[in-house]
Amino acid sequence: MGTSNNFLKRSGFLAFLMIFGLSCSGEENVPLSMEADEPRTSKIEEILFIGNSLTYYNLGISYHLNLYSANDSLSFKPLIQELAFSGYSLAVHLVNEQTLSKVNERSWDVIILQENTAVAVNDGMATLESIKAFKELVGNKGTIIYLLMPWPYKDQPEMAIPIKKTFEDAAQAIGATIIPVGEVWKAINQEGNPNIDLYDADGLHPSLQGTFLAASMCYSSIYNRNPSENPYTADLENDIALYLKQKAD
């Protein structure tokens, strides 16, 4: 009951943030389905991504993580789903009935949160409050929260600094683990490899290479597996896929 009350107290603030979240970015509906609660096991079987168009581009990070798992020797078949809408911030998700229903649908082993880049840069406090609210929303179900750090816009690499601070503050506040995609993304860009372009033509969304990097990092972080030992390549050239896997590990 305390968790519910605290969450409701935040709702007025988060409803205000909803306007900001939708107007800040051009980040571009891919909700997936539901089943009843099942008993938790020690395996990471049920994973939910919550995000925006950065999450669902190129069929979605969840799609590629599914194929990573399908090419692994896991003793179980994970349920990996995604709820991502164009331009959404985490604050907007928190006042979206579909998101709330999906979060409460089962005791997820892992929830991965991806914030709208512009909100993470321009209003770190809004991101922090939203992530705290998600932590309260899952309550004592034992769900592990990962924070997927976004990358800066191609023509604004300086965005990486406030993004990093926002995510480090949030991770410390709730005891979450960061998947530092933005940091690795920045390092790869600084190398200047002519065969690598993590950005889509708009300089904001990920290319297939960028989505594959993010999925590889999720695979490494969640399953503690080395992506280089998994044959999945997302139909990228083998040398490019291997390069990205090595950077992800």
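Q: How far does α10 reach from its first C-alpha to its last?
A: Welcome to a predicted model, where local features need pLDDT of at least 70, side-chain atom pairs count only at pLDDT 80 or more, and totals for chains, interfaces and linings use all residues. Residues are numbered from 1 along each chain as its sequence is written, and side-chain values use heavy atoms, with hydrogens and water left out. Helices (DSSP runs of H or I, at least four residues) and strands (runs of E, at least two) are numbered from the N terminus. With 16 residues at 1.5 Å a residue, counting one less than the number of residues, α10 is expected to span 22 Å, and its reach is close to that, at 22 Å.

Q: How many of the residues of α10 are buried?
A: Buried means under 20% relative accessible area, exposed over 50% and partly exposed in between, with a 1.4 Å probe and protein chains only. The helix α10 is largely enclosed by the rest of the structure, because its 16 residues include this many buried ones: 14.

Q: Which residue just after α10 takes a positive phi?
A: Helix α10 covers residues 208-223. Just after α10 comes a phi of about 55°, and the residue that takes it is asparagine 224.

Q: Is isoleucine 222 buried or exposed?
A: Isoleucine 222 belongs to α10. Beyond residues up to four places away in sequence, isoleucine 222 touches Ile44, Ile47, Leu65, Val110, Ile112 and Tyr146, where contact means heavy atoms within 4.5 Å. Because its relative accessibility is 8%, isoleucine 222 counts as buried.

Q: How far apart in space are isoleucine 222 and threonine 177?
A: Along the sequence, isoleucine 222 and threonine 177 are 45 residues apart. In space, their separation from C-alpha to C-alpha is 9.8 Å.

Q: What is the order of the strands in the open sheet?
A: Two strands pair if DSSP finds at least two bridges between them. The sheet has 5 strands with parallel pairing, in the order β2-β1-β3-β4-β5.

Q: Which strands stand at the edges of this sheet?
A: Each edge strand has a single partner, so one side of each is left without a neighbour in the sheet. These strands are β2 (79-84) and β5.

Q: How many bridges join β4 to β5?
A: Strand β4 (residues 144-148) has 4 buried residues out of 5, so it is largely enclosed by the rest of the structure. On one side, 4 bridges join β4 to the parallel strand β3 (residues 110-113), and isoleucine 112 stands opposite tyrosine 146. Towards β5 (residues 177-179), which runs parallel to β4, the number of bridges is 3.

Q: Which residue of β5 is the bridge partner of tyrosine 146?
A: Among the pairs between β4 and β5, leucine 148 has isoleucine 179 as its bridge partner. For tyrosine 146, the partner in β5 is threonine 177.

Q: Which residue lies 7.6 Å from phenylalanine 134, C-alpha to C-alpha, and 40 residues apart along the chain?
A: Phenylalanine 134 sits in helix α7 (residues 124-138) and counts as buried because its relative accessibility is 2%. Leaving aside neighbours within four places in sequence, its contacts include Ile50, Leu90, His93 and Ile145. The residue asked for, which is also in contact with phenylalanine 134, is leucine 94.

Q: What percentage of the 249 residues in the protein chain do buried residues make up?
A: The protein chain holds 11 helices and 5 strands. Across its 249 residues, the buried share is 55%.
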